[in-house]
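Dear colleague,

I am passing on to you the structure that we spoke about, together with its sequence. Please look through it first, and then read the notes below, which go through one part of it.

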Amino acid sequence: MHYVSVEALGKSFGVKPLFENISFHVEEGDKIALVARNGSGKSTLLRILAGKETADSGTAWINKEVTVALFEQDPVFDEKGSILDNIFYHNHPVMNAIREFEAISEEADPEKLSAAIVKMDELGAWDFDAKVKQILGKLNIHHLNQPVNTLSGGQRKRVALAKTLIDIGFDHKHVLLIMDEPTNHLDIEMVEWLENYLDQQNVTLLLVTHDRYFLDAVSNEIWEIDGSQLFVYKGDYENYIEKKAARQESDAASIEKARNTFRKELEWMRKQPKARTTKSKSRQDNFYKVEAKAKQRLEDAQLQLSMKMNRLGGKVIELKKVYKSFGDKQIMKGFDYTFKKGERIGVVGKNGAGKSTFLNMLQGLEPADSGKINIGDTVVFGNYSQQGLVIKEDMRVIEFVKNIAESFPLASGGALSAAQFLQLFLFPPEQQYTYISKLSGGEKRRLHLLSILFRNPNFLILDEPTNDLDLPTLGVLENFLSEYPGCLLIVSHDRYFMDRLVDHLFVFEGEGAIRDFPGNYSQYRLWLKDKEEEEKTETKPAKQEVKAAPVKEAEKKKMSYKEKREFEQLQQDIANLEKEKQTITEQMNSGSLPFDQLQQLSVRISEITNLLDEKELRWLELSEFDA
């Protein structure tokens, strides 16, 4: 089915064109990642497709049968409403019933809860409610009656994501899901869950993301806006990098050939007018085409910088028996560690585990409850925080950098001026006199990074550095950090970024426990998976540990003895679960149960629904075999 057709689309802000003459089509089932430099109009293009903005030129057609769901970087809410009001905004009987049930579940009113349960039964809303509960639970969204205007930035993003995911799962046959940086403010476990969830949903997807593992997991096609053209690459991120390099090499050869032709034709054009006749009109026209091609520039600026880092002495940072807690929540419990020169450490853990508190404690911004944190005299911190740029008043980009320093010292001797340093960070001269308020979110993040490095630190702390940075800038940043000679401490949900740069991890496991894991994030996840498998094996009864030998492909159509027993048992289990579900429904409808018991029964009925789905699916698989 044809979802979207875009022809010759263009959009500019002032004199600066974001994109020009863009054309493409989206078909049902497409899963596309959109890649471009910051400021190229990725978010604007997504908003045009969602009907939130209008283009300056061209047309964008959306099939009338398609529902467009947009997840934005800066979500818009009904600020006076609660989380519940914003998530369940559809005026539909099922949505209304779930909204009412979830709201009453947080109160202690048995009569209202009983009535809400009856309504859920009548509308058959339990299956969708189970999906809602899964989404809210995985995204750590609780206290649904809380007003959205009291939420933090990260909480708002998670609520907006939940709203979008619930929306696409509700009564929509054809969905175009448009997502702008969906992994920002999610911890790594949430990102991995989102990957699996999107993979299971029958949606057509167009997204912008800086997370390359996430990109590979959820998309199979990459579109790049480069200049005024759109380039399409089938396959994963690695294939995109290879094909793009080949394209740039071909373009460079084509431009060089045009330049050689241009030099010859220019000499002919400079001759006296009498040497040119009306017969050479076509040659003159061709000259201007060759001239335009010859004067093209392939802009693929990269950050190449050998910094003269402030000397780092023998003593870096030493932590001795450090304790830290907030009320009942323990962050650190007797933590000991001595940092060495050139260490590269990743910090991982769930949101709220205390990662940012740990970073602040290292810098003396947050005191320890007890223990000692000794910082070496030569340590110069560079803190790239989630807070972003802090400026007292709006100013031009060049003024902001010059307020830090006029020049930057190089390892080879000499120095770079503020303007030269800005160019290395992909700020061309014409953009250096732009006001900071006019920059895109990614450009502000790049300027923030620049301002940290311009101070020449020898202990670099990066708290979620990849948020809002485009993929080209991320590649440049990774290349720079891989050669960085100082200490590096990274908190990031970007697994690709972490894998490239860190040697070991501080894993915040909760209850004040911090594990020092020797390896990168992917290695840690493999270790964790093996550990979970071992624990499952140890807890299984002996009779369940023996697994039947795998059935050969040729024998699959005939049911084994064990499968016959399983098939018979499934029939009995399904009947028992149906009976239990009916009994619970009758108990809940009686109106005589206390509130606590009603809550327990509502949880159980949701569990039964999930179990029935699993067992019925397995029963169907086995029913296809010969007895």
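A residue is called buried here when its relative accessible area is under 20%. Please keep in mind that this is a predicted model.

By that cut-off, five of the five residues of strand 18, which covers residues 487-491, are buried, so the strand is largely enclosed by the rest of the structure. Its side chains alternate in direction, in that Cys487, Leu489 and Val491 point one way, while Leu488 and Ile490 point the other way, and all are buried.

Strand 18 also has pairing partners. With strand 12 (residues 344-349) it pairs in the parallel sense over four bridges, and there Ile345 has Leu489 of strand 18 as its bridge partner. With strand 17 (residues 459-463) the pairing is again in the parallel sense, over five bridges, and in this case Leu462 has Ile490 of strand 18 as its bridge partner.

Strand 17 and strand 18 belong, with helix 15, to a right-handed β-α-β unit. Helix 15 has twelve residues, 471-482, and reaches 16 Å from its first C-alpha to its last, which is close to the 16 Å expected at 1.5 Å a residue. The helix is mostly covered, since nine of its twelve residues are buried; among them are Leu471, Pro472, Thr473 and Leu474 in its earlier part, and Glu478, Phe480 and Leu481 further along.

With best regards

Technical notes:
Residues are numbered from 1 along each chain as its sequence is written. This is a predicted model: local features need pLDDT of at least 70, side-chain atom pairs count only at pLDDT 80 or more; totals for chains, interfaces and linings use all residues. Side-chain values use heavy atoms; hydrogens and water are left out. Helices (H or I, at least four residues) and strands (E, at least two) are DSSP runs, numbered from the N terminus. The expected span of a helix is 1.5 Å times one less than its number of residues. Buried means under 20% relative accessible area, exposed over 50%, partly exposed in between (1.4 Å probe, protein chains only). Two strands pair if DSSP finds at least two bridges between them. A crossover is right-handed if, with the strands pointing away from the viewer, the path from the first strand over the helix to the second runs clockwise.
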